[in-house]
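Subject: A structure for you to look at

Hello,

I am passing on the structure we talked about, and I would be glad if you could open it alongside this email. My notes on it come after the model.

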Amino acid sequence: MKLLNPLLILFLSFSSLSLSDEDYVFGWSQIQDIDLKTPRGGSTKGPAVDLDLTLSPAWKRLQEKGIGKFEKDRRAILAMMGEYRVYFDFMETMGFTEGYSPSRPYQSWATEFVTLVEDKKDFISLQHILVIFSEKEDGSLSKPMVVKHWRQDWKYEDRNLNEYKGLNKWTKKRYTSFAVKGSWSQSVYQVDDSPRYQSYGIWDHQENLSSWKSKDT
């Protein structure tokens, strides 16, 4: 299986790099009573992957000279499409009952496809789909298990956002055109298409990096 190198997937915890046990611990050094070096994993394993480390055509299009900021933003969003190896890390940090001891961290990985749902210039929708192959006891591979994952919608100069108020409650908030000028909103939805989080921010393009940083919402 060949996976594209995710040069443009930023701040989404996507990676094409392998993780070793020594690299696993990313924080929570105050927890002393559980083993952080050897996380638990799933009961199955998948085949080895062949990582494609060449520059993607989408990345090359983003580096073209003479394109405007709006089009460069669009190309950065569209460049997220592709095939990726993704990691899932779960770590308990505290308990709410007396004498509770956190479980060992859990880590698994899968392949994830990011596909285009809709592109209307100032609106782009990308769907994430997990595609999982398991290795059977005889060494053969299972049929792919396809799982709908989350969706991200991007809208240019979006004045109407959902803001989370706690306890699964959301409210509509309307921003001024001045506040959202030049920005893109990112709306992320759960597997059941309910809202997960939403904010707006400005894309920043450097020579070898394109990033989007959200405002506080």
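Below I go from the overall fold to the salt bridges, then to helix H3, a cavity and one strand residue.

Please keep in mind that this is a predicted model.

**The fold**

The protein contains three helices and 11 strands. Followed along the sequence, these elements come in the order β-α-β-α-α-β-β-β-β-β-β-β-β-β. Of its 217 residues, 37% count as buried. Among contacts with a sequence separation of 6 or more, 58% are between residues 24 or more positions apart. The accessible surface is about 13600 Å², and carbon and sulfur atoms contribute 53% of that.

**Salt bridges**

How many salt bridges does a search of the whole structure find? The search gives 10. As a reminder, side chains of opposite charge can pair when their charged atoms come close. Three of the pairs are worth a visit.

Begin with Asp-73 and Lys-69, whose side chains form a salt bridge with an N to O distance of 3.0 Å. Both residues belong to helix H3, which covers residues 69–78, and they sit four residues apart, about one turn of the helix. Is each partner buried or exposed to some degree? Asp-73 has a relative accessibility of 1%, so it counts as buried. Lys-69, with 40% relative accessibility, counts as partly exposed.

A second pair in helix H3 is Glu-71 with Arg-74, bridged at 3.4 Å, N to O. These two are three residues apart in H3, so about one helical turn separates them. Here Glu-71 is partly exposed because its relative accessibility is 22%, while Arg-74 is buried, with a relative accessible area of 6%. The cut-off for buried is under 20%.

The third pair is Arg-151 with Asp-193, where the N to O distance is 3.0 Å. This salt bridge links distant parts of the chain: Arg-151 is in strand E6 (residues 145–156), and Asp-193 is in the loop between strand E9 (184–189) and strand E10 (195–206), 42 residues apart. Arg-151 has a relative accessible area of 16% and is therefore buried. Asp-193, at 38%, is partly exposed.

Some of the salt bridges also share partners, and in this way Glu-64, Glu-71, Arg-74, Arg-75 and Asp-119 are joined into one network.

**Helix H3 in more detail**

Helix H3 deserves another look on its own. It is mostly covered, with seven of its 10 residues buried. Which residues of H3 are buried? They are Lys-72, Asp-73, Arg-74, Arg-75, Ala-76, Ile-77 and Leu-78. Two of the salt-bridge partners described above, Asp-73 and Arg-74, are thus in this buried set.

Lys-72 is a good place to see what H3 packs against. Setting aside neighbours within four places in sequence, Lys-72 is in contact with Leu-62, Glu-64, Ile-67 and His-205. Of these, His-205 lies 133 residues from Lys-72 in sequence, yet the two C-alpha atoms are 8.0 Å apart in space.

**The cavity**

The model has one cavity of 30 Å³ or more, and the largest cavity holds about 40 Å³ of space. Which residues line the largest cavity? The lining consists of Asn-162, Trp-170, Ser-187, Val-188, Tyr-189, Pro-195, Arg-196, Tyr-197 and Gln-198. Strands E9 and E10 each supply at least two of these lining residues, and E10 gives the largest share, four residues. By residue class, the lining divides into five nonpolar, three polar and one charged.

**Lys-173 in strand E8**

Finally, have a look at Lys-173, located in strand E8 (residues 169–174). Lys-173 is partly exposed, as its relative accessible area is 37%. Leaving out residues up to four places away in sequence, Lys-173 touches Arg-159, Asn-160, Leu-161 and Glu-163. Asn-162 is 11 residues from Lys-173 in sequence, with a C-alpha to C-alpha distance of 6.2 Å. Asn-162 is also one of the residues lining the largest cavity, which makes a handy link between these last two stops on the tour.

Happy browsing, and do write back with anything you would like to discuss.

Best wishes

Technical notes. Residues are numbered from 1 along each chain as its sequence is written. This is a predicted model: local features need pLDDT of at least 70, side-chain atom pairs count only at pLDDT 80 or more; totals for chains, interfaces and linings use all residues. Side-chain values use heavy atoms; hydrogens and water are left out. A salt bridge is a side-chain nitrogen of Lys or Arg within 4 Å of a carboxyl oxygen of Asp or Glu. Buried means under 20% relative accessible area, exposed over 50%, partly exposed in between (1.4 Å probe, protein chains only). Contact means heavy atoms within 4.5 Å. Accessible areas come from the Shrake-Rupley method with a 1.4 Å probe; for residues, only the protein chains shown count as cover. On a 1 Å grid over the protein atoms alone, a cavity is a set of points where a 1.4 Å probe fits but cannot get out, and a pocket is an open set with protein on both sides within 12 Å along at least five of seven lines; lining residues have an atom within 4 Å of a point. Grid points are joined across faces, edges and corners, and a volume is the space filled by probe spheres set on the points. Ala, Val, Leu, Ile, Met, Phe, Trp, Tyr, Cys and Pro count as nonpolar, Asp, Glu, Lys and Arg as charged, and the others, Gly among them, as polar.
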